[in-house]
Amino acid sequence: HEILSIANMADAKAMKAAIKEGGKKGVELAGCADLGGMEFFTTQIEAADGSADMLQAAMDAANKEYDPNEEEAKGGSAPVGKMLLSSGDKQLVLLCYVPDDKIEKVNASEWMKATLLVVGGEFISGDDKVAKGVSVANGDTRFSLKDKDLCQSASVNYLKAKGLFPQANEEEDDWVPEQDDGIEW
């Protein structure tokens, strides 16, 4: 029984870490949405370590209503659509959430399927608001860390194709000063 209790303590500690990271990520996403106007994000939750349960707990913590009385700010990103990714040794787990008022812009299941397509991952379940997927590593040709990077890019590209992810305007980035601008180099 000693080994089991140590394993349970490790699981509880890992779950606590995933919830904490999810809560902090929620604050970050809510802040970025407020400041930058972005409505959809793709991000990673490292502490979930490829566990669907821990990733769900992190999502719940991110979407938790912000409580100004708490010592440390947590949550607050329920109004933000998000794709969370977490890779472990054996698999990459993906969880997608779209708020009710953004469903007309993005369907969670379609977003998930488009993201999984790049790695041949498995769509587990979903509807217009939430979706779950997984890409199982085989240690030979499929690795969860590589799949995480590919899925993150695919998710962002899906949002870009829908016009929901800001893209740099190359003309704005190529400013060249005029001779008479009064700038000394």
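**Figure 1. Two helices of this predicted model cross each other: H3 and H4.**
Start with helix H3 (residues 108-117) and helix H4 (residues 144-161), whose axes come within 8 Å and cross at roughly 130°. That angle makes H3 oblique to H4, because angles that are not under 35 degrees, not over 145 and not from 65 to 115 count as oblique. The crossing of H3 past H4 is right-handed. If you're wondering why both an angle and a distance get quoted, it's because two packed helices are described by the angle between their axes and the distance between the axes. Now look for the residues where the two helices meet. On the H3 side, find Glu-110, Trp-111, Ala-114 and Thr-115. On the H4 side, their partners are Cys-151, Ala-154, Ser-155, Tyr-158 and Leu-159.

**Figure 2. Stepping back, here is the whole protein chain, with five helices and five strands.**
Follow the chain along its sequence and you'll read the pattern α-β-α-β-β-α-β-β-α-α. Of its 185 residues, 38% count as buried. How much of the accessible surface belongs to carbon and sulfur atoms? The share is 51%, out of a surface of about 11200 Å². The chain also brings together residues from far along the sequence: take the contacts between residues at least 6 apart, and 59% of them join residues at least 24 apart.

**Figure 3. Gln-44 sits in strand S1 and has a side-chain link to Lys-148.**
Strand S1 covers residues 40-44, so look for Gln-44 there. Is Gln-44 buried or exposed? Its relative accessible area is 19%, and the cut-off for buried is under 20%, so Gln-44 counts as buried. Next, find the polar contact of 2.9 Å between the side chains of Gln-44 and Lys-148. Setting aside neighbours within four places in sequence, the contacts of Gln-44 are Glu-21, Lys-25, Leu-85, Lys-148, Asp-149 and Gln-152.

**Figure 4. Asn-63 in helix H2 is another buried residue.**
Helix H2 runs over residues 52-63, and Asn-63 belongs to it. With a relative accessible area of 17%, Asn-63 is buried. Which residues does Asn-63 touch, not counting those up to four places away in sequence? They are Gly-76, Ser-77, Ala-78, Lys-82 and Tyr-97.

**Figure 5. Three residues to spot in the loop between H2 and S2 are Asp-67, Ala-73 and Gly-75.**
Let's begin with Asp-67, in the loop that joins H2 to strand S2 (81-87). Asp-67 is partly exposed, at 29% relative accessibility. Its side chain reaches the backbone nitrogen of Asn-69 at 2.9 Å.
Ala-73 lies in the loop between H2 and S2, and is partly exposed too, with a relative accessible area of 31%. Although Ala-73 and Gly-23 are 50 residues apart in sequence, their C-alpha atoms are 7.7 Å apart in space. Leaving out neighbours within four places in sequence, Ala-73 is in contact with Val-27 and Tyr-66.
And Gly-75, buried or exposed? At 2% relative accessibility, Gly-75 counts as buried. Gly-75 and Gly-26 are 49 residues apart along the chain, and 4.3 Å separates their C-alpha atoms. Gly-26 also appears among the contacts of Gly-75 when neighbours within four places in sequence are set aside; the others are Gly-23, Val-27, Ala-61, Ala-62 and Lys-64.

**Figure 6. Asp-49 has a positive phi without being a glycine.**
Here you're looking at the loop between S1 and H2, where Asp-49 is found. What is the phi of Asp-49? It comes to about 50°.

**Figure 7. Lys-132 in strand S5 has contacts at several places along the chain.**
Strand S5 takes in residues 130-136, and Lys-132 lies in this strand. With a relative accessible area of 38%, Lys-132 is partly exposed. Leaving out residues up to four places away in sequence, Lys-132 touches Gln-56, Leu-94, Leu-95 and Met-112, among others. Its contacts also include Glu-122, Phe-123, Ile-124 and Ser-125. To finish, locate Tyr-97: its C-alpha atom is separated by 9.2 Å from that of Lys-132, with the two residues 35 apart along the chain.

Terms used: Residues are numbered from 1 along each chain as its sequence is written. This is a predicted model: local features need pLDDT of at least 70, side-chain atom pairs count only at pLDDT 80 or more; totals for chains, interfaces and linings use all residues. Side-chain values use heavy atoms; hydrogens and water are left out. Helices (H or I, at least four residues) and strands (E, at least two) are DSSP runs, numbered from the N terminus. Buried means under 20% relative accessible area, exposed over 50%, partly exposed in between (1.4 Å probe, protein chains only). A polar contact is a pair of N or O atoms within 3.5 Å; within protein, one must be able to donate a hydrogen and the other to accept it, and residues adjacent in sequence count only if both atoms are side-chain atoms. Contact means heavy atoms within 4.5 Å. Accessible areas come from the Shrake-Rupley method with a 1.4 Å probe; for residues, only the protein chains shown count as cover. Axes are lines fitted to C-alpha atoms, for helices over the stretch in contact, and angles run from 0 to 180 degrees between N-to-C directions. A crossing is left-handed if the near helix is turned anticlockwise from the far one by less than a right angle, and right-handed if clockwise.
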